[in-house]
Amino acid sequence: MLVHSGHAVARKFFNPATAPSYDTIVSITTFGQDARWKREILELIGTANAVLDLACGTGILTSLLQRSVSPPRFVAGLDLIKEYMLQARQKADLPLTQGTAEVLPYRSEVFDAVVSSYLAKYVDMDLVAEECWRVLKPGGIVVFHDFTRPSRQAIISLWGCYFSILRFFGTFFRSWQVVFNELDSVISQSQWVAKTQQALRRSGFKDIVTTHHTLGTAAIVAGRKP
Ligand SMILES: C[S@@+](CC[C@H](N)C(=O)[O-])C[C@H]1O[C@@H](n2cnc3c(N)ncnc32)[C@H](O)[C@@H]1O
């Protein structure tokens, strides 16, 4: 299996100890913004019929994707970590595959949309973009969402305070301690927005649009396969 340096970080953060409490932690630590960001993703893909949730994790977005249209659309999920997928399995009855986003185990041109929440900073985006291009039908949409380091000075100060508080809580929530300690530097060092825009352009995607959310703490990059 292909190994990227981001895989080691992902395996450190997402493991059997963090899987059971992931949904609660992501909702509390984003002050509910996670649900808002995921609704933006749903809006971007509209009624797309066959959707792949890349890095589906515990299946929060995966199950929303399935339930948000009637009749339910076809949704598949892929993730690196088995314990996270076991949580997803409890939410929705759909095809889940363990693997890496850089080498997709799907036939070419089978999906109308590929979406992904919090994956971009852990992967080789050139490979992921090429694979998304391959599995998307013509006209298909790709959407990447992840955290970003804010750029406005006042917000950077708030962001610093927020992670200091999170590090303090990490002393009580030991399974999350390493995430609370290291997530801010992983986000700061990641150039995922620029890398994703570049990788999508290189793969041939058009209509690439980037939107920034919640005081610049998250972004969504979307593109269309002509
Ligand atoms: C923060 S969780 C997000 C899960 C889900 N997308 C959500 O929004 O709740 C990040 C997920 O990315 C997965 N991941 C990280 N690197 C990956 C890779 N190379 N291929 C597939 N999944 C990966 C992790 O296993 C983890 O489940």
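A residue is taken to be near the ligand if one of its heavy atoms lies within 4 Å of that molecule. In this predicted model, 23 residues surround the ligand, and the closest are Tyr22, Lys38, Ala55, Asp79 and Ser117. Sorted by class, the shell around the ligand is made up of 15 nonpolar, five polar and three charged residues.

Several side chains of the protein place polar atoms by the ligand. Tyr22, which is among the closest residues, has an N or O atom in its side chain 2.9 Å from an oxygen atom of the ligand. Nitrogen atoms of the ligand are also approached: a polar side-chain atom of Thr100 lies 3.1 Å from a ligand nitrogen, and an N or O atom in the side chain of His7 is 3.3 Å from a ligand nitrogen. On its own the ligand has 590 Å² of accessible area, and the protein covers 98% of this.

The ligand can next be placed within the open space of the protein. The space that the ligand takes is the largest pocket, and the elements giving two or more residues to the shell around the ligand are helix H1, residues 5-13, and strand S2, residues 74-79. The largest pocket has a volume of about 950 Å³, and its lining consists of 50 residues, of which Val26, Thr30, Tyr118, Phe147 and Leu183 lie nearest the centre. At least two lining residues each come from H1, helix H2 (22-29), helix H3 (33-45), helix H4 (60-67), S2, helix H7 (153-170) and helix H8 (177-189). Among these contributors, H7 gives the most to the lining of the largest pocket, with six residues. By class, the lining of this pocket holds 34 nonpolar, 12 polar and four charged residues.

The second largest pocket contains about 290 Å³ of space. It is lined by 17 residues, and those closest to its centre are His4, Lys121, Tyr122, Ser190 and Lys195. H1, H8 and helix H9 (192-203) each supply at least two residues of this lining; H1 and H8 each supply at least two residues to the lining of the largest pocket as well. The lining of the second largest pocket comprises seven nonpolar, seven polar and three charged residues.

Some details of the backbone remain, and two of them concern residues already met. Ala55, one of the closest residues to the ligand, has a positive phi of about 60 degrees although it is not a glycine, and it lies in the loop between strand S1 (50-54) and H4. Tyr118, one of the residues nearest the centre of the largest pocket, likewise has a positive phi, of about 65 degrees, without being a glycine. Tyr118 is found in the loop that runs between strand S4 (111-117) and helix H6 (125-135). On the other side of H4 from the loop that holds Ala55, the loop between H4 and S2 contains Pro71. Pro71 is joined to Ser70 by a cis peptide bond, with omega about 0 degrees.

How values were computed:
Residues are numbered from 1 along each chain as its sequence is written. This is a predicted model: local features need pLDDT of at least 70, side-chain atom pairs count only at pLDDT 80 or more; totals for chains, interfaces and linings use all residues. Side-chain values use heavy atoms; hydrogens and water are left out. A polar contact is a pair of N or O atoms within 3.5 Å; within protein, one must be able to donate a hydrogen and the other to accept it, and residues adjacent in sequence count only if both atoms are side-chain atoms. Accessible areas come from the Shrake-Rupley method with a 1.4 Å probe; for residues, only the protein chains shown count as cover. On a 1 Å grid over the protein atoms alone, a cavity is a set of points where a 1.4 Å probe fits but cannot get out, and a pocket is an open set with protein on both sides within 12 Å along at least five of seven lines; lining residues have an atom within 4 Å of a point. A molecule sits in a cavity or pocket if more than half of its atoms lie within 2 Å of its grid points. Helices (H or I, at least four residues) and strands (E, at least two) are DSSP runs, numbered from the N terminus. Ala, Val, Leu, Ile, Met, Phe, Trp, Tyr, Cys and Pro count as nonpolar, Asp, Glu, Lys and Arg as charged, and the others, Gly among them, as polar. Grid points are joined across faces, edges and corners, and a volume is the space filled by probe spheres set on the points.
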